[in-house]
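Good morning, and thank you for coming. I would like to take you through a structure that is new to most of us. Please look at the sequence and the model as they are shown.

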Amino acid sequence: MGKAQQVLSLGMVMIVGALLISAVNLTMPAFGSFPQRQIGENVENAIGQQILENAPRQTGAANVVTSVVWGYRGYDTLGESTVLFTAVVGVVMVFRAVRRPE
Amino acid sequence: MAGMTIIVRTIARLLFPFMFLFGAYVVVHGHLTPGGGFPGGVIIAASFVMLILAYGIEQTQKRMSFVNAEVLDTIGGVTLAIIGLLGLFVSGGFFLQNVFPLGELGRLFSSGNLPLLYLGVGIKVTAGILLIFYAMLFASRGENE
């Protein structure tokens with residue numbers, strides 16, 4: 001790589017980095033503030049805020065993550081454990097096939 | 001894999017119940033504290049992997065054999081399916097509905113079926129991770145179990 005090409009690469013990296021940093025500074029919400037989401041006409045009733053406020057009463061779990069994972073999104077987690085099961089079956093099948101020919 | 005020196009073996013033997021207990025704690029308290037079935041199951045599986053490293057695979061097979069791990073993996077999955085199907089038999093119920101009483105917030109026996117589901121996931125993840133380790137070890141050794 002020649003000298004000019006090195007300088008060009010460094011300049012491009014610095015320009016892209018400066019763009020990214022300025023984009024974060026200009027467009028991100030302030031640190032610690034929760035962005036208000038708008039779904040249709042409902043601005044105040046963002047789904048995250050709803051879950052945070054109602055999860056302990058609706059599911060009875062003190063851990064809000066758990067009430068999302070198994071309470072509100074139970075299908076998703078069931079599919080997740082199915083993925084794990086498929087992975088285990090695949091690994092066991094492949095490694096059984098490896099040691100069969102002896 | 002033959003195993004390691006007596007120092008490593010002793011430490012592993014003493015440490016194993018505590019690691020197992022910590023993993024079980026993370027699984028059982030999944031609905032109260034950060035954690036849950038997936039990380040807790042991985043911690044329990046890691047305690048067995050520590051035994052494999054210290055004692056070799058033959059000694060560890062006496063505590064948890066390949067077939068036992070397969071059976072436990074299936075039992076965990078069937079537990080999830082059964083608890084999910086229980087919700088369907090309630091009038092107007094849906095899959096994975098909470099059919100048990102919610103109880104008092106923050107207690108161990110609260111929030112209906114969430115601890116049971118996490119227990120099933122914990123058993124399933126433990127057996128699954130252990131099965132992957134066993135399968136790779138048997139294949140690299142080139143012998144039958």
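What percentage of the 102 residues in chain A do buried residues make up? The answer is 17%, where a residue is buried if 20 or more other C-beta atoms lie within 10 Å of its own, exposed if 12 or fewer, and partly exposed in between, with C-beta atoms placed from the backbone.

Two remarks on conventions are needed. This is a predicted model, in which local features need pLDDT of at least 70 and side-chain atom pairs count only at pLDDT 80 or more, while totals for chains, interfaces and linings use all residues. Residues are numbered from 1 along each chain as its sequence is written, and chains are lettered from A and ligands numbered from 1 in the order in which they are written.

Let me begin with chain A. It has four helices and zero strands; these are DSSP runs, numbered from the N terminus, with H or I over at least four residues for a helix and E over at least two for a strand. The pattern along the sequence is α-α-α-α. The domain assignment, which is of the automatic or database kind, gives domain 1 (1-30) and domain 2 (46-102) of chain A. The C-alpha centres of these two domains are 39 Å apart.

Within chain A, helix 2 and helix 3 pack at about 70 degrees, and their axes are 10 Å apart. Axes here are lines fitted to C-alpha atoms, for helices over the stretch in contact, and angles run from 0 to 180 degrees between N-to-C directions. Helix 2 of chain A is therefore roughly perpendicular to helix 3 of chain A, given that angles of 65 to 115 degrees count as roughly perpendicular, under 35 as roughly parallel, over 145 as roughly antiparallel and the rest as oblique. Among the residues making this contact are A:Ile51 and A:Leu52 of helix 2 and A:Val64 and A:Tyr72 of helix 3; two residues are in contact if their C-beta atoms, placed from the backbone, lie within 7 Å.

In chain B, the axes of helix 1 (residues 6-28) and helix 2 (residues 37-55) come within 8 Å and cross at roughly 170 degrees. Helix 1 of chain B is therefore roughly antiparallel to helix 2 of chain B.

How do the two chains meet? The contact takes 23 residues from chain A and 32 residues from chain B. On the chain A side, helix 4 gives the largest share, eleven residues. That side divides into 14 nonpolar, seven polar and two charged residues. Here Ala, Val, Leu, Ile, Met, Phe, Trp, Tyr, Cys and Pro count as nonpolar, Asp, Glu, Lys and Arg as charged, and the others, Gly among them, as polar.

I turn now to the largest nonpolar core, a set of buried Ala, Val, Leu, Ile, Met, Phe, Trp, Tyr and Cys residues joined through C-beta atoms within 7 Å. It has 35 residues, and B:Val121 is one of the five that touch the most other members. Helix 5 of chain B (114-141) gives the most to this core, with 13 residues.

Beyond four places in sequence, B:Val121 touches A:Ser81 as well as residues of chain B, including B:Phe38. B:Phe38 lies in helix 2 of chain B and counts as buried because it has 20 C-beta neighbours inside 10 Å.
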